[in-house]
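Open the structure in your viewer and keep the sequence panel beside it. At each stop, select what is named and then read what is there.

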Amino acid sequence: MAELKSFILRLITLAVMIYVLIFIIFGVRISPNNEMLPRVRAGDLLFFYRLENKFKSGDAVCYKVDGEKYVGRVVGASGDSIDIDDSGNVILNGAVLVEDDIKGSTGKYETNVTYPIVLGENEYFILADNRTLAKDSRYFGVINKKSIEGKIIIVIRKDNI
């Protein structure tokens with residue numbers, strides 16, 4: 001009987017540890033679309049770290065807007081000024097942002113987002129890597145820190161599973 005109690009206690013402890021790891025510290029999501037091409041494709045498995053406190057330019061993140069899940073890259077953080085010129089250049093704090101592996105031009109959308117945007121505390125400007133297809137901060141406006149679920153740390157390709 002003591003062995004059974006010990007086994008049950010260990011099983012419960014293991015279940016609690018797995019719950020904490022998967023639902024509190026880390027998260028798992030399947031990439032919903034091709035908005036992050038060429039680096040992340042639809043169906044790729046994304047592991048993200050939920051306890052990140054500050055995000056910086058270049059961080060790939062998972063976030064939610066109006067209950068929908070998105071993946072994007074932080075372009076600007078608190079205190080930054082973001083503008084998009086007529087040529088499709090992203091201008092961060094007065095300088096043209098040099099970006100690698102971006103697909104398409106960064107055009108402005110016909111929304112109520114006005115430029116330049118100066119980001120307040122806990123506000124981020126997030127763009128997807130596939131600029132021609134994406135719903136991102138050009139569509140939604142600034143993204144609040146509360147909407148960011150975590151920083152992507154591992155991508156597992158759908159083709160390799």
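The tour below goes from strands to salt bridges and ends at one buried residue.

**Before you start**

This is a predicted model, in which local features need pLDDT of at least 70 and side-chain atom pairs count only at pLDDT 80 or more, while totals for chains, interfaces and linings use all residues. Residues are numbered from 1 along each chain as its sequence is written, and side-chain values use heavy atoms, with hydrogens and water left out.

**Stop 1: strand 11 and its partners**

Select residues 148-156, which form strand 11. Strands (E, at least two residues) and helices (H or I, at least four) are DSSP runs, numbered from the N terminus. Two strands pair if DSSP finds at least two bridges between them.

Now add residues 45-49, strand 2, which runs antiparallel to strand 11 and is joined to it by five bridges. To see one of these pairings, pick leucine 45 and its bridge partner, isoleucine 156.

Next add residues 60-65, strand 3. Strand 3 is also antiparallel to strand 11, with three bridges between them. Here tyrosine 63 stands opposite isoleucine 148. While you look at the strands, keep one general point in mind: in a regular strand the side chains alternate between the two faces of the sheet.

**Stop 2: an open sheet**

Which order do the strands of the four-stranded open sheet follow? The order is 7-6-5-8, and the pairing is antiparallel. Strand 7 and strand 8 are the edge strands, each pairing on one side only.

Select residues 81-84 (strand 5) and 90-92 (strand 6), which are joined by three bridges. Isoleucine 84 has valine 90 as its bridge partner in strand 6.

**Stop 3: salt bridges**

A salt bridge is a side-chain nitrogen of Lys or Arg within 4 Å of a carboxyl oxygen of Asp or Glu. How many does a search of the whole structure find? The search finds nine.

Select arginine 39 and aspartate 101, whose side chains meet in a salt bridge at 3.1 Å, N to O. Arginine 39 lies in the loop between strand 1 and strand 2, and aspartate 101 in the loop between strand 7 and strand 8, so the pair ties together parts 62 residues apart in sequence. For accessibility, buried means under 20% relative accessible area, exposed over 50%, and partly exposed in between (1.4 Å probe, protein chains only). Arginine 39 is partly exposed at 35%, and aspartate 101 is partly exposed at 43%.

Move to aspartate 59, which is buried at 6%. Aspartate 59 forms a salt bridge with lysine 56, with the closest N and O atoms 3.3 Å apart. Lysine 56 is exposed at 51%. Aspartate 59 also forms a salt bridge with lysine 151, at 3.6 Å between the closest N and O atoms. That pair links distant parts of the chain, 92 residues apart: lysine 151 is in strand 11, and aspartate 59 is in the loop between strand 2 and strand 3. Lysine 151 is partly exposed at 22%.

Then select Arg29, Lys64 and Glu149, which are linked in a network of salt bridges.

**Stop 4: aspartate 44**

Last, select aspartate 44, in the loop between strand 1 and strand 2. Is aspartate 44 buried or exposed? Aspartate 44 is buried, with a relative accessible area of 1%. A polar atom of its side chain lies 2.8 Å from the backbone nitrogen of arginine 41. Leaving out residues up to four places away in sequence, aspartate 44 touches (heavy atoms within 4.5 Å) several residues, including Arg29, Arg39, Ile156 and Lys158.

Notes: A polar contact is a pair of N or O atoms within 3.5 Å; within protein, one must be able to donate a hydrogen and the other to accept it, and residues adjacent in sequence count only if both atoms are side-chain atoms.
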